[in-house]
Amino acid sequence: MKKEISLTRYFMIFLAHAAFSLVCTGILWAGILYAASLFHFIIPANTVERSVSAWCATLDGHSAIRPEEIPSGADYAFFDKDGMILQSTLDEDGLKTAGGLASSSERNYIRRMGTDIFLRIDTDTQCIVVSYRLIARFASPVLQRIFPNAELSLLILLLFLIIADIVFISLKYARRLNRELQKLAEAAQKVGEQTLDFDVQRTGLLEFNRIMDSLEHLKTDLQSSLKEQWAMEQQKKQQLTALAHDIKTPLTIVRGNAELLLETELTEEQHEYAAFILEHSGQIQRYVTGMMEISRPVNPSGDVRELRELLDIIAENIESLGKKKHLSCRLLSRNLPDSLPVPGAEFQRILDNLTDNAVQYSPEGGTVFLYAELSEEHLLLRIRDEGKGFSGEALSLAATEFYRADQSRGSKEHFGLGLSIVKQIVTELGGTLLLENAPEKGALVTVSFPLVPFSGKVFRPGNQIFK
């Protein structure tokens, strides 16, 4: 088992590692300075000063000094006895300072201006001011031009090393912490998606493992809850199926007797009662049929049919069902190949329920639009009527079992099962159901299936295979 530590200890280790790394960085920087000095890569700050001091010790104070005698690394300015400048290598500010020192009556022969040192030397015929800087310099002339202040450059190098060291250590520990957080996030995501067939991974951090333990308990409880929910759902479906079968037999007897009564000689009032019984028993029968339909599991039947053929049949059914309302059907398609095999029984159930709804809610003389489109990734089936459309509540609840819409789409023939049956089948096939109101008018229902080629000819929606 992986050894676990607390977050407090983790951050203490991080700080200790960072401190140790900073010490190593300081040692590395000191080593760079020592090597640079040892191999004369950097000229120490007092090198020129020592050269000037040694040179001054050789002067007798009377002989004239020539410019080429000035030690390397030092600048100079030559004045005559009247204080007139003869020649100089100083810049404007340096020359101004040197002139002031040369014309001064004080007996101070040295002047400091920051790191710049000005030294006055008098001979019988001259006054010379020698200037040098007490800063380290690079030995290379090229580096001197690029980095005139070697000390500042080295300090910048130290700062860069410190920042790089902190960033490196932080990223290293952040990556480790992120790996542990990723395990936690993946477990939480799977629990959230109810994908519970996984093992919770342990992390190296005590606090994270406590959360993992909680997720493990949550996963176990959720698995148990889902099993119970599934069992209750199956029991509910079995009860609905049994109830529907129990109702169906006496209902058939009631309808049969009502039909027989209508064939006998009845008074006008008795005929009206018998017709009333027959009409409403038919309504109950349709309700029972819907209950049996939604209780029936969605299993691949192996029935494969051509989509174009199925759409033609559905279009004919729409016009047949809508004769009383004088409805027409417009069948539109886009990018459909001549041959597109689909799961016939499942698609038939989907389209039958959708067209039944469209016919019920279409106005007199209206049109039902049936549209099919095939893209590289999806098969889209759309059905639109010209009715009043979905209410705001129905847009989110219409696919719920036994939902009855408000008056905008209310009907005594509507039992709240059609769209829930469609949603059940579509979901089992890996597709999606979308309810919306068409921009033109009426309700628009869209069914989308992700398509995957199977054996080069047959397509399979979602995870179900149809041969």
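Mentor: In this predicted model, helices are DSSP runs of H or I with at least four residues, strands are E runs with at least two, and both are numbered from the N terminus. On that basis, D91 lies in the loop between β3 (85-88) and α3 (92-103).

Trainee: Is D91 buried or exposed, and what makes it so?

Mentor: The relative accessible area of D91 is 52%. Exposed means over 50%. So D91 is exposed.

Trainee: Which residues gather with D91 in a patch of negative charge?

Mentor: D75, E92 and D93 join D91 in that surface patch. Asp and Glu count as negative, which explains the sign.

Trainee: What makes the patch around K172 positive?

Mentor: The patch is formed by K172, R175, R176 and R179. Lys and Arg count as positive, so the label follows. K172 itself sits in helix α5 (residues 150-192).

Trainee: Why is K172 allowed in a patch?

Mentor: Patch members need over 30% relative accessible area and no salt bridge. K172 has 41%, so it clears the area cut-off. K172 is also partly exposed, because 41% falls between 20% and 50%.

Trainee: Helix α5 again. How do you know that K183 and E180 form a salt bridge?

Mentor: Their closest N and O atoms are 3.6 Å apart. The limit is 4 Å, so the pair qualifies.

Trainee: How are K183 and E180 placed in helix α5?

Mentor: K183 and E180 are 3 residues apart there, so about one helical turn separates them.

Trainee: Buried or exposed: what is E180 called, and why?

Mentor: E180 has 3% relative accessibility. Buried means under 20%, so E180 is buried. K183 has 21%, so it counts as partly exposed.

Trainee: What makes E4 and R202 a salt bridge?

Mentor: The closest N and O atoms of E4 and R202 are 3.9 Å apart. That is within 4 Å, so the rule is met. The pair links distant parts of the chain: E4 is in the segment before α1 (7-38), R202 is in the loop between α5 and α6 (206-263), and 198 residues separate them.

Trainee: Which residues make up the salt-bridge network with E4?

Mentor: E4, R202 and D213 are linked in it. By this rule, the count for the model comes to 10 salt bridges.

Trainee: Why does R120 get the label it has, given its salt bridge with D122?

Mentor: R120 has 14% relative accessibility, under 20%, so it is buried. D122 has 25%, so it is partly exposed. The closest N and O atoms of the two are 3.2 Å apart.

Trainee: What is notable about the backbone of H326?

Mentor: H326 has a positive phi of about 60° although it is not a glycine. H326 lies in the loop between α8 (307-321) and β9 (328-334). Its relative accessible area is 59%, over 50%, so H326 is exposed.

Trainee: And what of N335?

Mentor: N335 also has a positive phi of about 60° and is not a glycine. N335 lies in the loop between β9 and β10 (341-343). At 53%, N335 counts as exposed, because the cut-off is 50%.

Trainee: Where is G442, and is it buried or exposed?

Mentor: G442 is in the loop between β13 (432-437) and β14 (443-454). Its 5% relative accessibility is under 20%, so G442 is buried. Among the residues that G442 touches are D385, E386 and N437.

How values were computed
Residues numbered from 1 in each chain as written. Predicted model: local features only at pLDDT ≥ 70, side-chain atom pairs only at ≥ 80, totals over all residues. Heavy atoms only, no water. Patch = residues over 30% accessible without salt bridge, like charges linked within 9 Å, V, L, I, M, F, W, Y side chains within 5 Å. Areas by Shrake-Rupley, 256 points an atom, 1.4 Å probe, with all protein chains shown as cover. Salt bridge = Lys/Arg side-chain N within 4 Å of Asp/Glu carboxyl O. Charge placed at Lys NZ, Arg CZ, Asp CG, Glu CD. Buried < 20%, exposed > 50% of the residue type's maximum accessible area, 1.4 Å probe, protein only. Contact = heavy atoms within 4.5 Å. Lists of a residue's contacts leave out its neighbours within four places in sequence.
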